Amino acid sequence: MISKPKGTYDLIGQDAKKINYINNVLAAMCQNYNYEFIRTPVFEASEVFHRGVGEGSDIVRKETYDFKDRGKRDITLRPEGTAGVVRSYIENKMYGRDIQPVKLYYNEMMYRYERPQAGRYREFHQFGVEVLGCDDPFVDAEVISLAYNIFQTLGLKNIRVNINSLGDQESRDNYRQALTNHFAQDIKNMCPDCQERLKKNPLRILDCKVDQDKEIMKNAPQTIDYLNEESKKRFTKLQEYLDLLDIEYVVNPKIVRGLDYYNHTVFEIEILNEEFGAQNVLGGGGRYNGLVEMLDGPQTPGIGFAMGMERILLALDVEEVHLPIDNPLDVYIGYVNDEEKDTALYLVQDLRLNGFRVETEYLNRSLKSQFKTADKLKSRYVIILNSNDIKEFKVKLRDNQTKEEEMVKINDLVDYLDMHI
Ligand code: HAM
């Protein structure tokens, strides 16, 4: 038997139904927030992600699926949505549109060569949004509120929004220097990865899983202490907006995010439930005012977030949230002989095209088995076709709850069902 590759999964059964349901909720919410659907390629020229996400990030250093295609081009499977969306924004000159900012959402599979565990896959599904062309914390508040309201709408209650600010370039440079000075004191006793990070990107040392319990980590400098006046003002304004929206959040100076493109606002939404494993961050995002320029576009501010759909499924499970996914069938149409079968074929199509959820028999099984199937599918009505009734253009309709039966003219069937379902 051929098995699926490590770190992947088949989306089937109840989980598939849940994802379908969630996708519909997400699309409806994005419509209300006026975000536009975008789909970019699964693979891009490697530089989109290597430059975009950052050579210093763990994602690019260890996790991207990089390969040469048959034309010897350097290709990378997308590890996240933002850089590809920004590439598309630039290539399609969306900065020239008359309606600004450009507000986009995506719902796609992503690829990272990670060590698989519960809630962490090599092929995983992200929903995300990106807003390009607005630098006002007003829009930061909107993006955070959209993320927060998605979780609320899905019925997840024990969630916490953590926010932080990395500040503008000047603040980031000052902070970087402070971190370098701090960790340089004892870098010899830290892991080889951290030793490299100190040179390339000291911010990443804060994500280190190996050294995380060391004293030097605990008393590391915090971003907020290095914000200049302008960055501080902006961060305060964001908090005022979140208060106004009644969104509960905590300022968590530990949130620095694993991708290099962020500045100013960063945030993560976690689920607070002890049953949840290590991967309790359901989504995260932040502002990336330099990314469009870094990918050769005009200076354009941006902000967005993404959430992991597998983790949302896990969260719904541990929180025992039951999504309304088991929609019963409206009508089951059964038959025995060939003449009845012809009518079934026609009638099933007719009712389906009129908006009803209809199932029929495919394997020429006995009436008894057909009744059983109708029960298993929780069909509201059952029609068992009969040659004599058909000649009179009628069908016998059985209400599967009350077990009452009624003869209905075939021509009146749609109206009858419309009135009763
Ligand atoms: P990220 O924090 O790398 O951010 O990923 C966002 C979410 O994707 C995570 O919070 C997690 O739920 C999910 N996720 C990440 N890796 C995995 C994995 N291996 N398996 C399952 N789920 C995973 C980004 O990707 C940024 N592009 C977000 C963003 C958008 N920032 C600005 N705009």
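1. A friendly place to start is with the charges of this predicted model. The protein chain carries 56 positive and 69 negative charges, and the mean positions of the two groups are 5 Å apart.

2. Next, the overall build. The protein chain has 15 helices and 16 strands. Its radius of gyration is 28 Å, while the globule rule gives 22 Å for 421 residues, so the chain is more spread out than a compact globule. Taken along the principal axes, the box filled by the C-alpha atoms is roughly 90 × 50 × 45 Å.

3. How much of the chain is buried? Of the 421 residues, 52% count as buried. The accessible surface comes to about 21,800 Å², and carbon and sulfur atoms account for 49% of that surface. As for contacts between residues at least 6 apart in sequence, 70% of them join residues at least 24 apart.

4. Now to the interior. In soluble globular proteins, nonpolar side chains tend to be buried together. In this model the largest nonpolar core holds 50 residues, and those touching the most other members are Ile22, Tyr35, Phe127, Ile150, Leu156, Ile163 and Phe305. Both helices and strands give two or more residues to this core: the helices are H1 (13-32), H5 (137-154), H9 (229-244) and H11 (309-318), and the strands are S6 (123-132), S7 (159-165), S9 (263-271) and S11 (302-308). Helix H5 supplies the largest share, ten residues. There is also a second, separate core of 44 residues, with Met110, Cys191, Tyr262 and Tyr288 among them.

5. Isoleucine 22 is a good residue to look at in the viewer. Which residues does isoleucine 22 touch, not counting those up to four places away in sequence? They are Leu154, Met309, Ile312, Leu313, Leu316 and Leu323.

6. Serine 145 is worth a look too. This residue lies in helix H5, and with a relative accessible area of 6%, under the 20% cut-off, serine 145 is buried. Not counting residues up to four places away in sequence, serine 145 touches Tyr33, Leu245 and Ile247.

7. Helix H12 offers two residues to compare with the picture on your screen. Leucine 351 is found in this helix, which covers residues 338-353, and counts as buried at 0% relative accessibility. Beyond its neighbours within four places in sequence, leucine 351 is in contact with Val331, Ile333, Phe356, Val358, Leu413, Val414 and Leu417. One of these, leucine 413, is 62 residues away along the chain, yet the two C-alpha atoms are separated by 8.5 Å.

8. Valine 348 lies in helix H12 as well and is buried, with a relative accessible area of 4%. Leaving out residues up to four places away in sequence, valine 348 touches Ile333, Val358 and Thr360. Threonine 360 is twelve residues from valine 348 in sequence, and their C-alpha atoms are 7.3 Å apart in space.

9. A few points of backbone geometry deserve a check. Glutamine 100 and proline 101 are joined by a cis peptide bond, with omega at about -5°. Where does proline 101 sit? Its place is in the loop between helix H4 (82-91) and strand S5 (102-111).

10. Two residues other than glycine have a positive phi and may catch your eye. Arginine 257 has a phi of about 70°; this residue is found in the loop between strand S8 (249-251) and S9 and counts as buried at 12% relative accessibility. Histidine 264 has a phi near 50°; this residue is found in strand S9 itself and counts as buried at 6% relative accessibility.

11. Last comes arginine 51, in helix H2 (residues 46-53). Is arginine 51 buried or exposed? With a relative accessible area of 32%, arginine 51 falls between the 20% and 50% cut-offs and is therefore partly exposed. Leaving aside neighbours within four places in sequence, arginine 51 is in contact with Met294, Leu295 and Asp296. Arginine 197 is 146 residues from arginine 51 along the chain, and their C-alpha atoms are separated by 17 Å.

How values were computed: Residues numbered from 1 in each chain as written. Predicted model: local features only at pLDDT ≥ 70, side-chain atom pairs only at ≥ 80, totals over all residues. Heavy atoms only, no water. Helix = DSSP H or I, 4+ residues; strand = E, 2+ residues; numbered from the N terminus. Rg over C-alpha atoms; globule rule 2.2 N^0.38 Å. Buried < 20%, exposed > 50% of the residue type's maximum accessible area, 1.4 Å probe, protein only. Contact = heavy atoms within 4.5 Å. Areas by Shrake-Rupley, 256 points an atom, 1.4 Å probe, with all protein chains shown as cover. Lys, Arg positive; Asp, Glu negative; His and termini not counted. Charge placed at Lys NZ, Arg CZ, Asp CG, Glu CD. Core = buried A, V, L, I, M, F, W, Y, C linked by side-chain atoms within 4.5 Å.
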